[in-house]
Structures are given as C-alpha cells and as structure tokens.
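Welcome to the tour. Please have your viewer open and your selection tool ready, and we will go from stop to stop together.

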Amino acid sequence: MNIWDKTHECMSRDELEQLQLERLQATVNRVYKNVTHYRKIFNDADIISEDIRSLSDLTRMPFTVKDDLRVNYPYGMFAVPLREVVRIHSSSGTTSKPIVMGYTKNDIKIWSNLVARFMTAAGVTHDDVVQITFRYGLFTGAFGVHYGAEAIGASVIPMGTGNTDKQIMIMQDYKTTALVSTSSYAIALADRIEQLGIDPKSLSLKVGLFGGEPWSEKMREEIESRLLLSATDNYGVSEVIGPGVAGECLCKKGMHIYEDAFLPEIIDPETGDVLPLGSEGELVLTTLTREAFPMIRYRTGDITSLDYAPCECGRTLARMKKIARRSDDMLIIRGVNVYPSQIEDALFSVAQGETPYLIVVERKNAMDSMEIVVEVTDKIFSLELQKQRSFLEAIKKRIASVTGINVDVRLVESKSIPRQKGKIARVLDKRNI
Ligand code: DLL
C-alpha cells in the first residue's frame, strides 16, 4: 500500500504531539496578532498565546462557530492581507450570506498534499485517469481534489456536475480509472449505466473516492459491486480547508485524520466538554498549518468518534468513524449543505412575512430532492392564479440563488401541514441512507 507522506502519516505519537504543539503555538500567535475576532475573545477570556504550553491547554480556548464567521463576513477572519491570498472559496452560512475562506500559495500547496494523501491511500497513482464530478466553483470539493490529483501526477478530467450521459461517455472513451463523486451520484451513475445496457466490465474503473455527504456500508457494497471498483470514504470541511481532512486507506476501517494539520477533539455538543478518548461526540478541529484562514476549535457539527489504535496500513494517524449524524439541523442535499434557516429566510422574504411551511427531503432514484410545502395564507389565496405561479417561481429562484440547489415548491391548503402541540416540524427527512 502506497503512502504519500510517510514522514507525517507514520510518525510516532510523541513526535506527532511535539509537532502539533509547535504548530498550535504558531497558529495561536498568528491569529492573536492578525485576526481581530481572536484577539478580542482571547483578551476577554484572559488568554495570552504563551499560555499554550501543552496540547491540553487548547481546552482553555473558546470555540469558533459558524456564526463567528458570518459576523466577520467577508474577510474579517483572514489572518493575512488580501494580496497574499491566491484563492477564495465559500460555503453555506446559516443565512443568505455565505462563509468566505481564503488560501495563500502555501495553503494551496499543503491542501494539495493532504488530498494526495487520501487519494494515494485509496490506490490512486500517476497512472490513473481521474474523473471529477464535483461542482467547480466556490465549493471546495472540485478544486481541492483536482489539485491533489495533479500533485500525484494523475491525468485529471475536470467534468463538474451533472450531464450523466456525457459523464458515462467520457468514462468509457477516456478510460477513467478513478471516479471522484458523492456516493449518491455514484449510484445514479450505476443506474444510468445499467439503463444504457453498458457492461460495467467494459469500463476501466478501479477506484472510487466518495465524500462530501454521509453514506453507509450498505451503499459501499452496492457501489463496489455495481461499478466494479474499490470505494473509499473521505471527509472534509470547507471552513478548515475542504476535502483532505481525513480519508480511508484500503483497510476501510475509518478515515485517517491528518492530525499534523488538524488537531481533533471530540466534545459533548450540549455542554462543550471534551470527552474521553474513543467517545462519540462532536468533532472540533483546530488548523495547524493554515496561513490565510486559521481556525481555533472550529465546531464542525459532525458526530463521530476517534480510534487511536494502530492501523494495519502502517499509518499512525487516528481514524475517525463514518459521520453518524449532525449536532445541528444542517441538511446535505446532493453534497450541498443547506440550513433550514436559509430556506426560511428566502421564503419569508418572498412572501413578505411568516408563512407556515415544511421542508420535505427524499432520495428518488439515488438523487436527493427537496420540496418546500407552503401553506396558503389568505394573502396568497387572494392572488390570481398567474400571480400564485410567479410567487412559487420567485421562491424557487430565491432558494436556488442562496443555496445553489433547485427545489420544488408546492402550495397546500391552510392548516394542512401536521402540527404537534400547535407547532410544525420544519423538516421531514425521508431519506434512509
Ligand atoms: O463537503 C468538503 C468535501 C468535498 C469533502 C468533497 C469531501 C469531498 P462542505 O461543503 O463545507 O465541505 O461540507 C462539510 O459535509 O461538515 C459533513 O457534515 C459533510 N461531509 C463531508 N464529507 C463527508 C463524509 C465539503 N465523507 C460537511 N461523510 C461536513 C459524511 C461528510 N459527511
């Protein structure tokens, strides 16, 4: 089994912890000097960077939450001047404004090497033809994986999303050996390949790298048997870098988390207390190498646990379990993060006021779909049909522009959405992953 960066992936725990401490001290210094938000919260908590003498001192630092990033929109959390930033990405915020992340040249180099780690661990080499089906653009997924695959020296096909028939044609003709996608899109591809009567044996696929959304072992079995490839999971969060936080090796027993670049903690999402080793809780990450956008104790909202036992592959880095669930109400729709509050903001702004609604999420033919069921209020009811139609269109447009996903919107009779104790549950997620 190939290892991309033996020095960092196979370090002894002592060496690793020494490196983590040095990098943590440098990061804390950097954010204190350069990021007003951190300077203020450190001052308020009476912390100076010299207080970090051991890794356990990290627990004295306050958490960073999405709302901190929203308040500091767009560049308030950057730790370098904009002239040193060579790339800007963004991810969903909880409201209509996104979160903005910056990368220096060095951040991009380190990011590419982190991605190269999980790609190599999954079996990708410079001989591979890698087809990337993530959306190119502000989302970190496509560019992150793209640069990692190029660092390995593989031949990269920057397909982007959608156009399934063309994806399959290219997969056949260009002899794609490694598929990068969400797990649900891999199943959609398998369905279409079957419909088109193409024998998967005639394809050249060997490796599948799936990330960006939760998926189960059952889905892994299905993807592997239908596409005839080895499927591995990889995990990332835009606010800390993008893809390249953790990835499986061929043992497929958890994702090695790149602890030399991200210091992980598992906390109780209710109390914020750090939980004992091996417990299940919310993953909190502190970046150890980021120059432009360092994060101290960023609450990911992802519930998992860490396993520090040695892995047969030789890597010494801890492994995180598949994400069990979220600690908040974030939904992942076709790999895109959506907060119910974004939908509500969009709906209420078009409706010019509060309107009872329900978000229904389903997985049909392997693809996630979202429908917004809106109760007719007297105001909407009194609109003529044409105006009702343009009202629905306006909601769709607004939601698409804020979240980047297309939804269906349906009007239903007043009081027809079920209530419990007078309250509507805002989300009905019917997916069974
Ligand atoms: O999804 C980065 C990424 C792109 C990772 C492509 C892997 C591949 P965000 O859009 O910020 O970043 O979404 C991050 O997605 O907090 C998890 O809830 C979820 N997520 C990401 N990877 C996995 C995974 C990218 N392998 C959020 N399993 C995270 C389960 C995942 N959930």
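Strands here are DSSP runs of E with at least two residues, and they are numbered from the N terminus. With that in hand, select Arg-419, which sits in strand β21, residues 419-420. Before going further, please keep in mind that this is a predicted model.

**Stop 1: Arg-419 and its partners**

Keep Arg-419 selected and show its side chain. Is Arg-419 buried, exposed or partly exposed? Its relative accessibility is 30%, so Arg-419 counts as partly exposed, because that class covers values from 20% up to 50%. Now add Pro-356, Glu-375 and Ile-424, which Arg-419 touches when residues up to four places away in sequence are left out. Of these, Glu-375 deserves a distance label: a polar contact of 2.6 Å joins its side chain to that of Arg-419. Draw another label from the Arg-419 side chain to the backbone oxygen of Ile-417, and you should read 2.8 Å.

**Stop 2: the two domains**

Zoom out and colour by domain, with residues 1-327 as domain 1 and residues 333-432 as domain 2. How many residues does each domain bring to the contact? Domain 1 gives 18 residues and domain 2 gives 16. If you place a centre on each domain using C-alpha atoms, the two centres are 31 Å apart.

**Stop 3: the ligand**

Select the ligand and show the residues around it. There are 22 of them, and those that come nearest are Asp-233, Asn-234, Ser-238, Asp-302 and Asn-337. Which atoms of the protein should you label here? Begin with the Asp-233 side chain, where an N or O atom is 2.8 Å from a nitrogen atom of the ligand. Next take Glu-213, where a polar backbone atom is 3.2 Å from a ligand nitrogen. Then turn to Asn-337: an N or O atom in its side chain is 2.8 Å from an oxygen atom of the ligand. If you display surfaces, note that the ligand taken alone exposes 610 Å², of which the protein buries 97%.

Now colour the shell by residue class. Nine of its residues are nonpolar, nine are polar and four are charged. Switch to a cartoon view and pick out α6 (140-152), β7 (230-237) and β8 (242-248), each of which supplies at least two shell residues. Which element gives the largest share? That is β7, with five residues.

**Stop 4: Ser-238**

Stay with the ligand shell and centre on Ser-238, one of the residues that come nearest to the ligand. You will find Ser-238 in the loop between β7 and β8. Is Ser-238 buried or exposed? At 11% relative accessibility, Ser-238 counts as buried, because the cut-off for that class is under 20%. Add Ser-91, Met-101, Tyr-103 and Thr-140 to the selection, since Ser-238 touches these residues, not counting those up to four places away in sequence.

**Stop 5: backbone geometry**

Have your torsion tool ready for this stop. Go to the peptide bond from Tyr-73 to Pro-74, which is cis, with omega near -5°. Pro-74 lies in the loop between α4 (66-71) and β1 (85-91).

Next select Arg-334, in the loop between β16 (331-333) and β17 (336-338). Arg-334 has a positive phi of about 50°, although it is not a glycine. With a relative accessibility of 30%, Arg-334 is partly exposed.

Move on to Asn-365, which lies in the loop between β18 (357-364) and β19 (367-375). Asn-365 is not a glycine, yet its phi is positive at about 45°. Is Asn-365 buried or exposed? Its relative accessible area is 68%, so Asn-365 is exposed.

**Stop 6: two last selections**

Select Ala-394 in helix α12, residues 385-403. At 31% relative accessibility, Ala-394 counts as partly exposed. Select Pro-74 again as well: Ala-394 and Pro-74 are 320 residues apart in sequence and 27 Å apart in space, C-alpha to C-alpha.

Finally, go to Asp-5, in the segment before α1 (6-9). Asp-5 is buried, with a relative accessible area of 18%. Show the side chain of Arg-117 too, and you can label the polar contact of 3.3 Å that joins the side chains of Asp-5 and Arg-117.

Definitions and conventions:
Residues numbered from 1 in each chain as written. Predicted model: local features only at pLDDT ≥ 70, side-chain atom pairs only at ≥ 80, totals over all residues. Heavy atoms only, no water. Near = heavy atom within 4 Å. Polar contact = N/O pair within 3.5 Å; in protein donor to acceptor, adjacent residues only side chain to side chain. Areas by Shrake-Rupley, 256 points an atom, 1.4 Å probe, with all protein chains shown as cover. Helix = DSSP H or I, 4+ residues; strand = E, 2+ residues; numbered from the N terminus. Nonpolar A, V, L, I, M, F, W, Y, C, P; charged D, E, K, R; others polar. Buried < 20%, exposed > 50% of the residue type's maximum accessible area, 1.4 Å probe, protein only. Domains from an automatic or database assignment. Contact = heavy atoms within 4.5 Å.
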